[in-house]
Amino acid sequence: MIVLVDHHLEGYIILLQGALANGGWLDLLSIRFVLLEEVGLAVDSSDRVVWRFAQQSQMILLTANRKMKGRDSLEQTIREENAPTSFPVVTIGRVDRLSNREYREQCAARLVEIIMYPETCVGVGRVFIP
């Protein structure tokens, strides 16, 4: 599974990857985290463009963005374009708490659950973790 990391999480993704590695999940599951720039998207791309790219590429979008400001906001995009076959947007509820080991491990465990059983989240729009 490829996880597209929103630019708001670039500095935090290493912590989450560490929690996944410490739990042995990176040895068991094929999880690859990619940044917007790695897939050719500009950091200032609209939420709608990022969401559409993730859907077309069958990627889970990992974000900390929960705002609904404007026509191209992530929440508005999900409301307008989400379909029963859409991959979920996984939103870390408290990104500021990722420095806390216990919270980080809870986020990692929930992400693993979503990746292992994607059928439980396809079409739901957004999943908040932990």
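Select Glu-102 to begin: this residue is exposed, with a relative accessible area of 53%. The model is a predicted one, and Glu-102 sits in helix H5. Now add Ala-19 to the selection. The two residues lie 83 positions apart along the chain, yet their C-alpha atoms are separated by 9.5 Å.

**Whole chain**

Zoom out and colour by secondary structure. The protein chain holds 5 helices and 5 strands. Read from the N terminus, the order of elements is β-α-α-β-α-β-α-β-α-β. The C-alpha trace spans about 40 × 30 × 25 Å along its principal axes. A compact globule of 130 residues would have a radius of gyration near 14 Å, and the chain agrees because its value is 14 Å. Of the 130 residues, 43% are buried. Among contacts between residues at least 6 apart in sequence, 74% join residues at least 24 apart.

**The sheet**

Show the strands alone. How are the 5 strands ordered in the open sheet? The order is E2-E1-E3-E4-E5, with parallel pairing. Strand E2 (32-35) and E5 are the edge strands, each pairing on one side only. From one strand to the next, the twist averages 30°.

Next, select E1 together with E2. These strands pair in the parallel sense over 4 bridges, and Val-3 stands opposite Phe-33 in E2. Then replace E2 with E3. E1 and E3 also run parallel, joined by 3 bridges. Here Leu-4 stands opposite Leu-61, while the bridge partner of Val-5 is Leu-62.

With the sheet still shown, bring in helix H4 (residues 74-81). This helix packs on the sheet and touches E3, E4 and E5; the direction of H4 makes about 135° with that of E5.

**The nonpolar cores**

Turn to side chains. In soluble globular proteins, nonpolar side chains tend to be buried together. The largest nonpolar core in this model has 25 residues, and those with the most contacts inside it are Leu-16, Phe-33, Leu-62 and Ile-92. Elements giving two or more residues to this core are strand E1 (2-5), helix H1 (13-22), strand E3 (60-63), strand E4 (89-92), helix H5 (101-116) and strand E5 (126-129). Which element gives the most to this core? H5 does, with 7 residues.

Centre the view on Phe-33 and display its contacts. Leaving out residues up to four places away in sequence, Phe-33 touches Val-3, Val-5, Ile-13, Gln-17, Leu-20, Glu-38, Leu-62 and Leu-111. A second, separate core has 12 residues, including Trp-51, Met-59, Ile-78 and Val-89.

**The cysteines**

Finish with Cys-107 and Cys-121. A disulfide is a covalent bond between the sulfur atoms of two cysteines. How many disulfides does a search of the whole structure find? The search finds 0. Why is Cys-107 not bonded to the closest cysteine sulfur? That sulfur, in Cys-121, is 14 Å from the sulfur of Cys-107, which is too far for a bond. Cys-121 is likewise in no disulfide. Are these two residues buried or exposed? Cys-107 is buried, with a relative accessible area of 0%, and Cys-121 is buried too, at 3%.

Terms used:
Residues are numbered from 1 along each chain as its sequence is written. This is a predicted model: local features need pLDDT of at least 70, side-chain atom pairs count only at pLDDT 80 or more; totals for chains, interfaces and linings use all residues. Side-chain values use heavy atoms; hydrogens and water are left out. A nonpolar core is a set of buried Ala, Val, Leu, Ile, Met, Phe, Trp, Tyr and Cys residues joined through side-chain atoms within 4.5 Å. Buried means under 20% relative accessible area, exposed over 50%, partly exposed in between (1.4 Å probe, protein chains only). Contact means heavy atoms within 4.5 Å. Two strands pair if DSSP finds at least two bridges between them. Axes are lines fitted to C-alpha atoms, for helices over the stretch in contact, and angles run from 0 to 180 degrees between N-to-C directions. A disulfide is a pair of cysteine sulfur atoms within 2.5 Å. The radius of gyration is taken over C-alpha atoms; the globule rule is 2.2 Å times the number of residues to the power 0.38.
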